[in-house]
Structure formats: C-alpha cells, structure tokens
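Got your viewer open? Let's take a walk through this one together, one selection at a time.

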Amino acid sequence: MSRDFLRPPGAVPEEDFIGRCIRCGKCALACPYRAIRVAGLLDGLTLMGTPIIRARLSPCYLCLKCVPVCPSGALDGRVKKREQVRMGTARIKKKDCLTWQGTFCRSCYDHCPLFNEAITMDSELRPVVNEKKCVGCGICEHVCPAESVAINVIPGGAG
Amino acid sequence: MRITTIRRTVQFLSLGAMVAVPLLNHRGIAAVSGSFYSLNIGPVLFTDPLIAIQSLLATLRFEAVLLASALIPAGIALVLGRVFCSWVCPQNTLSELFDTLSNRLGLAHFFTLGSTPLIRYAVLAAILAATLLFGFPLASLLSAPGIISVQTARLIYEGTVGLELTLIGIIILTELFLVRRVWCNHLCPVGSMLGLFKCKKTMKVVLSEAENRLCIHCRECAKACQLGLNPIAGQLAPQCHNCGACIDACRKMTGERKPLFFRF
C-alpha cells in the first residue's frame, strides 16, 4: 500500500490501523510540535479523521507523547523507546543529494536523532542510511536543503 | 430553579470545555484531554460505548481497556437516562438552537415522523452490521458530537476544518426544512447506543397519579418538547433524553402540584 504520509510512532501496520483507529484525535492533541495532523475527507474517506504526519512540513521528533494516550491500540503502547519506532525508512536519492553530487552537505547526518547510527558517513563522507536503525521520523526529509528533497521516508513497517 | 437553567449552564460549560481542552493541551496542560469519542479526565478514561463496540466489531479484537472505559458512560445512562444527549452533546445544543430559531421564524417542516423507536434501532443495527462487514469504523464518521469536538480541536491546532462537518450541516438543514429534530430523535447512533443501557430504575419523566397532584391537561408539556413527545400519553421511551423541558413547562402551569417529575 503506497501512501505519501507517515503514521505517528507506534502505529500498527496500515491495514490494521484503518480499522483500529477510532478517530478520537487524542494523539494530535498530545503532539507538542503539531506534527500530527487530522486527515480530512480530501485525503480519502477511509483516512478521514485519522492521524497523519507529513514529514516535509513537520516531522516527528520522537517525544512519544502520542503513544500512551491512544485508547484503541492503533498506536501500540509497548513502543516506549525511540529505537523501537518504525514509521518508515529513509531513502537517499543519490542523483539529487548535494554530497553525492560533489558539494559538501551533512544536514541529514547532523540532524538525525539517532546520531551516527541511522545515518552514517561512508569513507568519502557521503551520507548512507542504515535501514536497520532508521525509525522513519522524517527529520532528515524536513531539513534536506536540496531543491528536490533528496532524502525521503518511505512509509511502512510497524511500530 | 428551572431544570432548563441548570441544563443550559451544563451545555454552555461543555461547549467551553471543547474549546478549552485543545488550548490547554497545547500549553502542556493535559490533565483533561480528548474528544467526545474518548476522553481522559486525569487517569480516568471515558469512551463512548458506541465507539467501544464499534472497535470490537471492526477489529474483532478484545481491547479490555477501551471496552472497560465505556462502562462509566454506560453506567451514567443506566442511572440517569440519556442525559449525555440533552445536557452535554454539542449536536443537541446546536439542534435546539436552530429549532428555537426556526420556530421564531415560523418555518414549516415538510415531513413528520411518529415516535416509533424502530427507526433508531434499525439505523444503529445497520451501522454496526456495516462496521462488522467492512472492518471499518463507520460509526466514528457518524458520531456528531465526536466530529464537532475533533474539528473544534483541529480548527484550534491547524487553523482548518475538515469536510466531516458536512454531516453537521446536512443535519441542521434537514432539521430546519424537512423533519424537525430528526437526528437526535431517530438517527443518531451515539444516542441509540446509550439508550440501550436502561432498566426499570433508570431516571425518567413520569406523570403522577396521586389525587392532589393531578394533571390539568394544559398540554404545555407536549408543546415544550422539541422531540415531539407527549408525556401525558406516556409515549416517551426511548426517544426522551431527560432534558426536563416538559417538567419546567408543567411547573409553570401547575405550580407546587408538580404532576410531572423525574423519577428513578
């Protein structure tokens, strides 16, 4: 299932999420960064009222305040540490990335909350995503200065 | 004091809370948080029984906390009747307001529906059946109080509202021009579900049969009822949501005789 937004941290897989989320909006109220938005009818009838994060606008800072307030189990309360989160996985488009194209930039590397773990530098100081560690918070996507943002979080996974 | 005076205060406070909760939450004060779908007051969780049952049907998973949190609202309905509807629900407040307005303007309605309870149970059953069939939380999209509270929060947080509010607009227009108070009276699944929690001891409006408290048949009670119910004909349940307007009207005419009153 392809979608262009992320679910809040701790979200169960998308096909379960649609059924489990009761659209109560508590996670959006709990988000201190207003990163969690409430989807409208224009996002699709089945998505209406569910929480979405558009990382490019406002990413998740992994404070995890939304997870314990979910009453329905749509956000899994067992997710307590940022390392457990799996909102998606960042992917670098090398042809758009400044560093991979020869200009020096380390915005994504510097801003990654799992510093030097989820995004590392290779021997030529180019950023590389470590898919095992990346939690998909989207901060890299938010800070990427490249004209056509060169790092995107592919939504998916559970947690 | 008139019951309606107290009720208006509660209605006003619940509208105020709907605005205050998101404002306070955003300042980090989250002792009370949520919406009319599901609400936290301190550590206590309250969930709309309709939403809890819907979750059970849509996911076929037994979420113990969610189901348990519906017990307090269900218990309140069991003791006091559907007071959530008449004293708290923002849709009822809106509908009451527009009904008063349309009466002042002398708007006529095209249809009337009798006071049969069949429609409301058929609508509720259809919504729950569809929820089970499609595994989709349909009732959430049809909960008027839920929609109004979440969209109020959304307006405060995001500066926009969603097209979910279309439902509220349709309800108001329908009630203004087609059928008077049809949503609360016949269609609302939230109210129908709450109405299922009742017993012999549930609070209700009754007409006294004591000789010194006889009804004077002025019909003011029936005129005061926005839902078109007639307390002296005894045809109240399950539509009556204990708003007390009939009792106020009765007191005005009969003073201390009080033929009409709430009883457990």
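How many residues of domain 1 of chain B are in contact with domain 2 of chain B? We'll get there in a moment, after some housekeeping. This is a predicted model, where local features need pLDDT of at least 70 and side-chain atom pairs count only at pLDDT 80 or more, while totals for chains, interfaces and linings use all residues. Residues are numbered from 1 along each chain as its sequence is written, chains are lettered from A and ligands numbered from 1 in the order in which they are written, and side-chain values use heavy atoms, with hydrogens and water left out.

**Stop 1: the two domains of chain B**

Select residues 3–200 of chain B for domain 1, then 203–264 for domain 2; these bounds come from an automatic or database domain assignment. Their C-alpha centres lie 25 Å apart. Now for that question: 28 residues of domain 1 of chain B touch 19 residues of domain 2 of chain B, where contact means heavy atoms within 4.5 Å.

Together the two domains of chain B bury about 1,800 Å², with 45% of it on carbon and sulfur atoms. Buried area is the accessible area (1.4 Å probe) that two parts lose on being put together, summed over both. Between these domains there are 13 residue pairs in polar contact (both at pLDDT 80 or more). A polar contact is a pair of N or O atoms within 3.5 Å; within protein, one must be able to donate a hydrogen and the other to accept it, and residues adjacent in sequence count only if both atoms are side-chain atoms.

Next, pick out α6 (90–105) of chain B, one of the elements giving two or more residues to domain 1's side of this contact. In fact, α6(B) gives the largest share, five residues. Helices here are DSSP runs (H or I, at least four residues), as are strands (E, at least two), numbered from the N terminus.

**Stop 2: a run of strands**

Stay in chain B and select β1 (32–34) and β2 (38–41). They run antiparallel, joined by three bridges; two strands pair if DSSP finds at least two bridges between them. Click B:S33 and you'll find its bridge partner, B:N40, in β2(B). Three residues link β1(B) to β2(B) in a hairpin.

Add β3, residues 44–47 of chain B, which runs antiparallel to β2(B) with four bridges. Here B:L39 is paired with B:F46. The hairpin of β2(B) and β3(B) has two residues between its strands, and B:G42 in the turn has a positive phi of about 60°.

**Stop 3: where chain B meets chain A**

Now show both chains. Which chain B element gives the most to the side that touches chain A? The contact takes 32 residues from chain B and 28 from chain A, burying about 2,400 Å², of which carbon and sulfur atoms give 61%. Nine residue pairs across this interface are in polar contact (both at pLDDT 80 or more). Among the elements supplying at least two residues from chain B are β1, β2 and α9 (144–158). It's α9(B) that gives the most, with six residues.
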